[in-house]
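Visitor: I'm new to reading protein models. Could you walk me through one, feature by feature?

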Amino acid sequence: MADPEARLVEEVGALLRRAAADAILPLFRHLTVADVAEKAPGEVVTVADRRAEELIAAELRRLRPGSEVVGEEGVADDPAVLDRLAGPAEVWLVDPLDGTANFAAGRQPFAVMAALRRGGRTEAAWILDPMADRLLVATAGNGAYRDGEPVRTTAEPLAAGTLRGVVATRFLPEELRRRVAVGADRIGAVLPGQHCAGQEYADIVDNRQQFAIFWRTLPWDHVPGALLVEAAGGVVRRLDGSPYDPTDGRAGLLVAVNGSVWDTVHAALLATS
């Protein structure tokens with residue numbers, strides 16, 4: 001490709017596939033006890049996470065000299081790494097193995113994700129499903145693609161009773177849990193989630209579900225999917241309706257296939273009256 005940005009999109013996609021092939025898939029269902037550790041209460045990390053992040057980070061710095069990398073495992077080892085996200089340099093966000101708990105338990109889904117931000121704006125995003133070898137990519141202003149084919153979320157307004165989507169309740173405050181429980185009968189299906197943000201975003205882009213509600217919004221979990229959903233025609237906003245800014249440290253995110261569905265889900269599950 002002559003276009004440097006298009007070439008970069010291809011190179012990063014190939015890199016994620018290589019990391020999955022070399023560092024992740026050989027260990028799927030072959031982890032030993034020594035390969036898994038608890039990095040925080042209820043949060044595990046595997047040697048696959050660490051190996052994949054090391055491989056991806058090194059290559060991204062080579063592809064874009066002077067860029068910074070904010071990776072999930074790098075931040076776990078040194079929280080100050082997260083400060084790079086608000087700095088002046090180009091910043092890569094990397095989730096080397098989204099859905100680690102699934103992976104460690106020998107089940108799917110899990111994903112490999114990356115995003116590139118410049119000047120406080122997400123410019124490109126990648127989500128790879130390693131098991132299906134399916135790659136979603138998006139660049140700001142140029143749409144979203146699955147394995148080279150354009151994808152769009154539905155633009156149709158949909159009745160609440162026809163909607164299905166996930167509410168990730170693990171970190172949801174009790175008061176919001178009560179609101180969701182009260183409103184759940186207004187929605188076609190409120191799903192418990194798949195413990196893999198990358199899969200939740202992919203399912204919205206592919207119209208397999210119409211919304212997702214998250215409370216904890218760590219940037220490597222949500223920045224790639226947010227750009228992909230928006231590039232495909234969807235909407236990603238904080239629970240108060242304000243834009244999603246991964247540097248603001250706030251919690252709560254409602255993702256939907258379009259603005260009408262966002263409003264419908266918010267009214268059904270999150271409204272105070």
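Guide: Sure, let's begin with a term. A pocket is an open set of grid points with protein on both sides within 12 Å along at least five of seven lines. Keep in mind that this is a predicted model.

Visitor: Okay, how much space lies in the second largest pocket?

Guide: The general idea comes from a rolling ball: rolling a probe the size of a water molecule over the atoms shows where empty space is left. Here, the second largest pocket holds about 380 Å³ of space. It has 23 lining residues, and those closest to its centre are Ala 6, Val 9, Val 137, Thr 139 and Tyr 145.

Visitor: Which element gives the most to that lining?

Guide: That's α1, with 8 residues. At least two residues each come from α1 (4–24), β5 (111–118), β6 (121–129) and β7 (134–139). Sorted by class, the lining of this second largest pocket has 12 nonpolar, 5 polar and 6 charged residues.

Visitor: And what volume does the largest pocket have?

Guide: About 880 Å³. There are 35 residues lining the largest pocket, and Glu 43, Arg 170, Phe 171, Arg 216 and Asp 221 are the closest to its centre. Elements supplying at least two lining residues each include β2 (43–46), β4 (91–98), α6 (197–205) and α7. By class, that lining has 16 nonpolar, 9 polar and 10 charged residues.

Visitor: What about space that is closed off? How many cavities of 30 Å³ or more are there?

Guide: In a cavity, the probe fits but cannot get out. The count here is 1 cavity of 30 Å³ or more. The largest cavity has about 80 Å³ of space, and its lining includes Phe 110, Ile 127, Arg 134, Gln 199 and Ala 202. Two or more of the lining residues come from each of β6, β7 and α6.

Visitor: You've brought up α6 and α7. How do I read a pair of helices?

Guide: Two packed helices are described by the angle between their axes and the distance between the axes. In this model, the axes of α6 and α7 come within 9 Å and cross at roughly 5°. Angles under 35 degrees count as roughly parallel, so α6 is roughly parallel to α7.

Visitor: Which residues make the contact?

Guide: On the α6 side, Ala 197, Tyr 201, Ile 204 and Val 205 take part, while α7 brings several, including Asp 221, His 222, Leu 228 and Val 229. By class, the contact has 7 nonpolar, 2 polar and 1 charged residues.

Visitor: Now the sheet. In what order do its strands come?

Guide: First the principle: strands of a sheet pair through backbone hydrogen bonds, either parallel or antiparallel. In this case 5 strands make an open sheet with mixed pairing, ordered β11-β10-β12-β14-β13. β11 (189–191) and β13 (235–237) are at the edges with a single partner strand each, so one side of each has no neighbour in the sheet. From one strand to the next, the twist averages 15°.

Visitor: Can we zoom in on one pair? How many bridges join β10 to β12?

Guide: There are 3 bridges between β10 (residues 164–167) and β12 (residues 211–214), and the two strands run parallel. To find one by eye, look at Gly 165: its bridge partner in β12 is Phe 211.

Visitor: Which helix lies across β12, β13 and β14?

Guide: It's α7 (residues 219–231), running at about 140° to β13. You've met α7 already, as the helix roughly parallel to α6.

Methods
Residues are numbered from 1 along each chain as its sequence is written. This is a predicted model: local features need pLDDT of at least 70, side-chain atom pairs count only at pLDDT 80 or more; totals for chains, interfaces and linings use all residues. Side-chain values use heavy atoms; hydrogens and water are left out. Two strands pair if DSSP finds at least two bridges between them. Helices (H or I, at least four residues) and strands (E, at least two) are DSSP runs, numbered from the N terminus. Axes are lines fitted to C-alpha atoms, for helices over the stretch in contact, and angles run from 0 to 180 degrees between N-to-C directions. Contact means heavy atoms within 4.5 Å. On a 1 Å grid over the protein atoms alone, a cavity is a set of points where a 1.4 Å probe fits but cannot get out, and a pocket is an open set with protein on both sides within 12 Å along at least five of seven lines; lining residues have an atom within 4 Å of a point. Grid points are joined across faces, edges and corners, and a volume is the space filled by probe spheres set on the points. Ala, Val, Leu, Ile, Met, Phe, Trp, Tyr, Cys and Pro count as nonpolar, Asp, Glu, Lys and Arg as charged, and the others, Gly among them, as polar. Angles under 35 degrees count as roughly parallel, over 145 as roughly antiparallel, 65 to 115 as roughly perpendicular and the rest as oblique.
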